[in-house]
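User: Please take a close look at one side chain and its contacts. Then work outward from there to the rest of the chain.

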Amino acid sequence: MNHLYILLTILFTVYGQIVIKWQVQLAGAFPQDNIEKLQYLIKLLLNLWVISGFACAFLAALSWMAAMTKFDLSYAYPFMSLAFVLVMFFSAIFFKEPVTIPKSIGLGFIVLGIIIGSKG
């Protein structure tokens, strides 16, 4: 059950990143004009999907606080690297972002580091 707090932190974080990327992509390019920039950002901040991403960031923070009552930081924090793995995976699926060999090797090292770090 204690590891569930870490898992929730990761899942809430990944959801927030993916949904914000999705909505920013739909909103189009960031304007050059300062007034238009402000309007662009306000429109995004009022977007319910973006609000849900921020809500998940808040829930991730709450889950992390719960995790910190159960684990040493040096044990729990490496698991947060799984967010990188999941974001890359979902970015490839939803946004057709390339998964290159160097990225894959890097993610392999991240996972290996988590495995090694969780043993000690």
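Analyst: Lys103 touches Met88 and Pro98, leaving out residues up to four places away in sequence. Contact here means heavy atoms within 4.5 Å. The model is predicted, so local features need pLDDT of at least 70 and side-chain atom pairs count only at pLDDT 80 or more, while totals for chains, interfaces and linings use all residues. Residues are numbered from 1 along each chain as its sequence is written, and side-chain values use heavy atoms, with hydrogens and water left out.

Lys103 lies in helix H6, which covers residues 101–119. Helices are DSSP runs of H or I with at least four residues, strands are runs of E with at least two, and both are numbered from the N terminus. Lys103 counts as partly exposed because its relative accessible area is 38%. The classes are buried under 20%, exposed over 50% and partly exposed in between, using a 1.4 Å probe and protein chains only. Ile20 sits 83 residues from Lys103 along the chain, and their C-alpha atoms are 22 Å apart.

Just before H6 comes another lysine to check. Lys96 belongs to the loop between H5 and H6. Lys96 is exposed, because its relative accessible area is 67%. Its backbone stands out too: phi is positive, about 55 degrees, although Lys96 is not a glycine. Gly28 also takes a positive phi, of about 95 degrees, and follows just after H1.

Now the chain as a whole. It has six helices and zero strands, in the order α-α-α-α-α-α along the sequence. Its C-alpha atoms fill a box of roughly 50 × 35 × 20 Å along the principal axes. Of its 120 residues, 25% are buried. Take the contacts between residues at least 6 apart in sequence: 71% of them join residues at least 24 apart. The accessible surface is about 8,100 Å², and 73% of that belongs to carbon and sulfur atoms. That area comes from the Shrake-Rupley method with a 1.4 Å probe. The chain carries 7 positive and 4 negative charges, with mean positions 10 Å apart. Lys and Arg count as positive, Asp and Glu as negative; His and the chain ends are not counted. Each charge is placed at NZ of Lys, CZ of Arg, CG of Asp or CD of Glu.

Next, the interior. The largest nonpolar core has 13 residues, and Ile6 and Ile10 touch the most other members. Such a core is a set of buried Ala, Val, Leu, Ile, Met, Phe, Trp, Tyr and Cys residues joined through side-chain atoms within 4.5 Å. H1 (2–27), H3 (48–68) and H5 (82–95) each give at least two residues to this core. The largest share, four residues, comes from H1. Ile6 touches Ala67, Phe71, Ala76 and Phe79, not counting residues up to four places away in sequence.

H1 runs for 26 residues. From first to last C-alpha it reaches 39 Å, close to the 38 Å expected at 1.5 Å a residue. The expected span is 1.5 Å times one less than the number of residues. The buried residues of H1 are Ile6, Thr9, Ile10, Val14, Gly16, Ile18, Val19 and Gln23. Their cover includes H2 (34–45), H3, H4 (73–76) and H5.

One of these H1 residues is polar Gln23, so take its numbers: it is buried, at 7% relative accessible area. Leaving aside neighbours within four places in sequence, Gln23 is in contact with Leu44, Asn47, Trp49 and Val50.

H3 has 21 residues, and its end C-alpha atoms are 30 Å apart, in agreement with the 30 Å expected. Its buried residues are Val50, Gly53, Cys56, Ala60, Ser63, Trp64, Ala66 and Ala67. They pack against H1, H2 and H4. Ser63, in H3, counts as buried because its relative accessibility is 8%. It touches Tyr5, Leu8, Thr9 and Phe12, residues up to four places away again left out. Ser63 and Thr9 are 54 residues apart along the chain, yet their C-alpha atoms are separated by 5.4 Å.
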